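I sat down with the model open and a fresh notebook page. Here is what I looked up, entry by entry.

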Amino acid sequence: MSAKENAAVGQLLELLEARYALRVLWALKDGHPQTFRLLQDSIGSITPNTLNTRIKELRAAGLLGHGSDGYTVTTLGADLLKRLNDLQAFAGKWTLSQTKKK
C-alpha cells in the first residue's frame, strides 16, 4: 500500500473511530430517513451533544445527508456500509466463539 493510500485509510479510520460514528451510520443502513430524535433512540445511550457532533463530522465527510424527512446516508455512505456488511455475519460468529470460551 502506498503512503497516499495509507494516509487515506488513516483518515477514514480516524473519522470512524470517533465515539458512536459507526453506530450513527449503522442506524441508517436500511436507507430510511430518521429524525434527530429517532436516530438518537436508534443508537441508544448517545447524548444529544455527541450525536450532533457526529452528524456534523459525518456530513462534512460526505457520508451523511439531511433532507426534509431526516438524516440519511449518502451514496458514499451507502458504499461504505455495503463494504462493512460482512461485519454483521462476523459479529455473529465472534459472539458464538466468545460464548464457547465461557
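**Entry 1: Arg54 and its partner.** I began with Arg54, and asked myself: is it buried or exposed? Arg54 counts as buried, because its relative accessible area is 10% and the cut-off for buried is under 20%. I keep in mind that this is a predicted model. Next I looked at what the Arg54 side chain meets, and found Glu57: the two form a salt bridge, with 2.8 Å from N to O. Side chains of opposite charge can pair when their charged atoms come close. Both residues sit in helix H4, which runs over residues 48-60, and since they are three residues apart there, about one helical turn separates them. Glu57 has a relative accessibility of 30%, so I noted it as partly exposed.

**Entry 2: the other salt bridge.** How many salt bridges does a search of the whole structure find? I got two. Besides the pair in H4, Asp79 forms one with Arg83, and their closest N and O atoms are 3.1 Å apart. I placed both in helix H5 (residues 75-83), where they are four residues apart, about one turn of the helix. Then I checked the accessibility of each partner. Asp79 is partly exposed at 26% relative accessible area, while Arg83 is exposed at 62%. For Arg83 the reasoning is short: 62% is exposed because the cut-off is over 50%.

**Entry 3: the overall layout.** I stepped back to take in the whole chain. I counted six helices and two strands in the protein. Reading along the sequence, I wrote down the pattern α-α-α-α-β-β-α-α. The C-alpha atoms fill a box of roughly 45 × 40 × 25 Å along the principal axes. Of the 102 residues, 26% are buried.

**Entry 4: the largest pocket.** I looked up the largest pocket next, and its volume came out at about 150 Å³. Which residues line it? I listed Leu16, Ala18, Tyr20, Ala21, Leu22, Arg23, Trp26 and Leu87. Helix H2 (residues 21-27) gives the largest share of that lining, with four residues. By type, the lining has seven nonpolar residues, one charged residue and no polar ones.

**Entry 5: Tyr20.** One of the lining residues made me pause: Tyr20. It has a positive phi of about 75°, although it is not a glycine. Where is Tyr20 found? I traced it to the loop between H1 and H2. Its relative accessibility is 13%, so Tyr20 counts as buried.

**Entry 6: along H1.** I then compared notes on two leucines. Leu13 lies in helix H1, which covers residues 3-17, and Leu15 lies in H1 too. Leu13 counts as partly exposed because its relative accessibility is 43%. Leu15 has a relative accessible area of 16%, so I put it down as buried. Leu13 also turned up on the surface: with Met1 and Val9, it makes a nonpolar patch of about 310 Å². For Leu15 I looked up a distance instead. Leu15 and Asp41 are 26 residues apart in sequence, and their C-alpha atoms are 22 Å apart in space.

Conventions: Residues are numbered from 1 along each chain as its sequence is written. This is a predicted model: local features need pLDDT of at least 70, side-chain atom pairs count only at pLDDT 80 or more; totals for chains, interfaces and linings use all residues. Side-chain values use heavy atoms; hydrogens and water are left out. On a 1 Å grid over the protein atoms alone, a cavity is a set of points where a 1.4 Å probe fits but cannot get out, and a pocket is an open set with protein on both sides within 12 Å along at least five of seven lines; lining residues have an atom within 4 Å of a point. Grid points are joined across faces, edges and corners, and a volume is the space filled by probe spheres set on the points. Ala, Val, Leu, Ile, Met, Phe, Trp, Tyr, Cys and Pro count as nonpolar, Asp, Glu, Lys and Arg as charged, and the others, Gly among them, as polar. Patches are made of residues with over 30% relative accessible area and no salt bridge: like charges are joined within 9 Å, nonpolar side chains (Val, Leu, Ile, Met, Phe, Trp, Tyr) within 5 Å. Accessible areas come from the Shrake-Rupley method with a 1.4 Å probe; for residues, only the protein chains shown count as cover. A salt bridge is a side-chain nitrogen of Lys or Arg within 4 Å of a carboxyl oxygen of Asp or Glu. Buried means under 20% relative accessible area, exposed over 50%, partly exposed in between (1.4 Å probe, protein chains only).
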